[in-house]
Amino acid sequence: MKSIFHINIIRTPLIALLVIIGTGFMARAQDSRIQLTSLDHLAAKANQTVDVAIDERLIRIAAKVFSDEKTDEKEIKQLLTGLKGIYVKSFEFENDGQYSPADVEVIRAQLRGPGWTRLVNVTSKKEGSVEVYLLMNGEQIGGLAVLAAEDRELTVVNIVGPVDLEKLAKLEGKFGVPDLEIETPKTKKNDDK
Amino acid sequence: MSTNHFKYVVVVLLVFSFATMVQAKGDDFNSVVKLIEQFYNVKHEGIPFLAKAGMGAARTAARIKGGTARQLAEAGSIKLAVFEDQDFNGEFMKFRSTLNAALSGTWLPLVQTLSGATEQSYIFTREANEKYVVLIISIEQREATVLQVTLSPKNFARLLKDPEGTGRAIAEEATIIDQE
């Protein structure tokens, strides 16, 4: 009896803990914020490191400060609607081989998580590889991530919230989002004209 | 302790902690200056000394810009501490995490850049009664600047659109134009 009692005492909180952890994982699975801190060590080797963090609070502030009267600010305001964060980490190196495939793999592993899809028809005019990923929450876009890897440059852009490639293109050069020169089949077609 | 006494203690503690939070917010500029002094074992210079040195440069800059230099920071809102001709040797990654830990909660980090392990710049922001306070910290090999300014919503929008460019313009304005 005593042992069963002990097991129950242990089991009940254990089950509760597992449920909490499980719920946490499920919630996390649909969260489009990717963890970039694993790349922080590269700052010591990089010539230039840029770290932009515009979280939900700053986005709310931004939505307040942009004017509805100026066309460009109105457009930015619309772009920001619904977004929960814009995060950019970019490293420029003097020599090749300063970051390892393992560094990139830590980011890719997160982008292989539930809901994330790599857009294969997206390319960039930039050298090296540019991978674009979308997080789908059912029918809705929950976020976007861009992983741009060149020999001497590594950039990760993570936009949390409803964002599409058109929106991303408009965000390039603003809010610290670098010019990724992303081309979709649609933009390529337009260029051909 | 009776329930009433307990409530009283809780209220006093809440009021006290709120006051401490407000105090901490107001003192963050000085805390950052002290943090740099302690971390790098350096000393900052007072504004009066710099004002004398900056006057000539301010006149020159105003002349170049046609006498009507762009004013980004709200008048009288500038707090500036400058460190000159001193060595900023130290683990910059450790400094970065110490700084972020010290300001987290009250300030929102906007952009942080590191160049060649010797130059660091940080921009933090927070809201303050319809205006926006911006803290810009720049550390190079032999000099550093800590700058706090208040921006109007219009100029804060400019900062958000182009954090690096506008951050640099604010720093230039405060260290050259505002010395007049």
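## A pocket between chains

Let's start with an open space in this predicted model: the second largest pocket, with a volume of about 490 Å³. Its lining is made up of 23 residues. Nearest the centre you'll find A:R33, A:D51, A:A53, A:K89 and B:P109, so look for residues of both chain A and chain B there.

Which elements give two or more residues to this lining? From chain A they are β1 (48-55) and β2, and from chain B they are α4 (92-103) and β2 (108-115). As for chemistry, the lining residues split into twelve nonpolar, six charged and five polar.

## Two nonpolar cores

Now for the parts that are packed away. In general, nonpolar side chains of soluble globular proteins tend to be buried together. Here, the largest nonpolar core has 54 residues, and A:I86 and B:F156 have the most contacts inside it. The element that gives the most to this core is helix α2 (residues 56-65) of chain A, with five residues. There's also a second, separate core, this one of 46 residues, including A:F93, B:V42, B:F95 and B:L103.

Have a closer look at A:I86. Which residues does A:I86 touch, leaving aside its neighbours within four places in sequence? The contacts are A:V52, A:A53, A:I54, A:I59, A:L80, A:N158, A:I159, A:L171, A:F175 and A:V177.

## Helix α2 of chain A: two sides

Back to α2(A). Its buried residues are A:L58, A:I59, A:I61, A:A62 and A:V65. They cover an arc of only 160° around the axis, so they end up on the same side of the helix. Turn to the other side of α2(A) and you'll meet A:R60 and A:K64, which are exposed.

## Helix α3 of chain A: what covers it

Next up is α3 (residues 71-80) of chain A, where A:E73, A:I76, A:K77, A:L79 and A:L80 are buried. Why do these residues share one side of α3(A)? Because the arc they cover around the axis is only 160°. On the other side of α3(A), A:T71 and A:Q78 are exposed.

So what covers the buried residues of α3(A)? The cover includes α2, β2 (85-92) and α5 (165-171) of chain A, together with α5 (153-161) of chain B. One last detail: after α3(A) comes A:G82, with a positive phi near 85°.

How values were computed
Residues are numbered from 1 along each chain as its sequence is written. Chains are lettered from A and ligands numbered from 1 in the order in which they are written. This is a predicted model: local features need pLDDT of at least 70, side-chain atom pairs count only at pLDDT 80 or more; totals for chains, interfaces and linings use all residues. Side-chain values use heavy atoms; hydrogens and water are left out. A nonpolar core is a set of buried Ala, Val, Leu, Ile, Met, Phe, Trp, Tyr and Cys residues joined through side-chain atoms within 4.5 Å. Buried means under 20% relative accessible area, exposed over 50%, partly exposed in between (1.4 Å probe, protein chains only). Helices (H or I, at least four residues) and strands (E, at least two) are DSSP runs, numbered from the N terminus. Contact means heavy atoms within 4.5 Å. The arc is that of the directions from the helix axis to the C-beta atoms. On a 1 Å grid over the protein atoms alone, a cavity is a set of points where a 1.4 Å probe fits but cannot get out, and a pocket is an open set with protein on both sides within 12 Å along at least five of seven lines; lining residues have an atom within 4 Å of a point. Grid points are joined across faces, edges and corners, and a volume is the space filled by probe spheres set on the points. Ala, Val, Leu, Ile, Met, Phe, Trp, Tyr, Cys and Pro count as nonpolar, Asp, Glu, Lys and Arg as charged, and the others, Gly among them, as polar.
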